[in-house]
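Biologist: Could you take me through one part of this model closely, with the contacts and charged pairs around it set out in order? I would like a connected account rather than a list.

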Amino acid sequence: MSLDESLDVAEIARRPAVVFRCIQYLEAKKAEQEGIYRLSGSSAVIKGLKDRFNLGESRDFFLFKGDVELLASDEYWDPHAIAGLLKSFLRELPASILTRKLHMRFLSVMGLCPMLTL
């Protein structure tokens with residue numbers, strides 16, 4: 001699914017719902033352990049979460065396709081699995097979100113090269 005298609009399905013704050021919900025969960029749960037995006041979560045848990053987002057969930061008798069409120073659930077989610085879901089979504093986009101045009105700006109923000117005038 002392309003980024004535009006995912007926005008058509010479920011969008012929160014001008015982001016795909018899966019991106020918003022993953023970041024929201026990780027920030028709310030203070031997931032600050034080392035390697036949060038480096039270490040993999042359970043592939044079965046990530047697949048289950050991906051399936052839930054693809055199917056959507058019912059809230060107040062309405063089906064919200066493409067959106068799952070992770071924080072509204074009493075379930076505990078491993079932060080590494082949530083980070084893995086986010087990485088999986090970004091990896092599966094048909095086009096990179098870091099374009100050649102933005103590459104030098106990205107490096108300058110990271111302090112790896114001086115900012116160029118673009």
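**Helix H3 and the loop before H4**

Modeller: Asp51 is partly exposed, with a relative accessible area of 31%, and in this predicted model Asp51 forms a salt bridge with Lys47, their closest N and O atoms lying 2.9 Å apart. Because Lys47 and Asp51 are four residues apart in helix H3 (residues 43-55), about one helical turn separates them.

Arg52 takes part in another salt bridge, with Glu75, where the closest N and O atoms are 3.2 Å apart. Since Arg52 belongs to helix H3 and Glu75 to the loop between S4 and H4, this pair ties together parts that are 23 residues apart in sequence. Arg52 counts as partly exposed at 28% relative accessibility, and Glu75 is likewise partly exposed, with a relative accessible area of 41%.

The loop that follows strand S4 (62-64) and leads to helix H4 (79-91) also holds Trp77, which is buried, at 9% relative accessible area. Beyond its neighbours within four places in sequence, Trp77 is in contact with Tyr25, Val45, Leu49, Arg52, Leu70 and Ile82, while its C-alpha atom is separated by 9.9 Å from that of Ile46, 31 residues away along the chain.

From the loop between S4 and H4, Asp67 reaches Arg21 in helix H2 (residues 17-28), 46 residues apart, and their side chains meet in a salt bridge (2.8 Å, N to O); both Asp67 and Arg21 are buried.

As for confidence, H4 has the highest mean pLDDT among the elements of the chain (93), and the chain averages 79.

Technical notes:
Residues numbered from 1 in each chain as written. Predicted model: local features only at pLDDT ≥ 70, side-chain atom pairs only at ≥ 80, totals over all residues. Heavy atoms only, no water. Helix = DSSP H or I, 4+ residues; strand = E, 2+ residues; numbered from the N terminus. Buried < 20%, exposed > 50% of the residue type's maximum accessible area, 1.4 Å probe, protein only. Contact = heavy atoms within 4.5 Å. pLDDT = per-residue confidence, 0-100. Salt bridge = Lys/Arg side-chain N within 4 Å of Asp/Glu carboxyl O.
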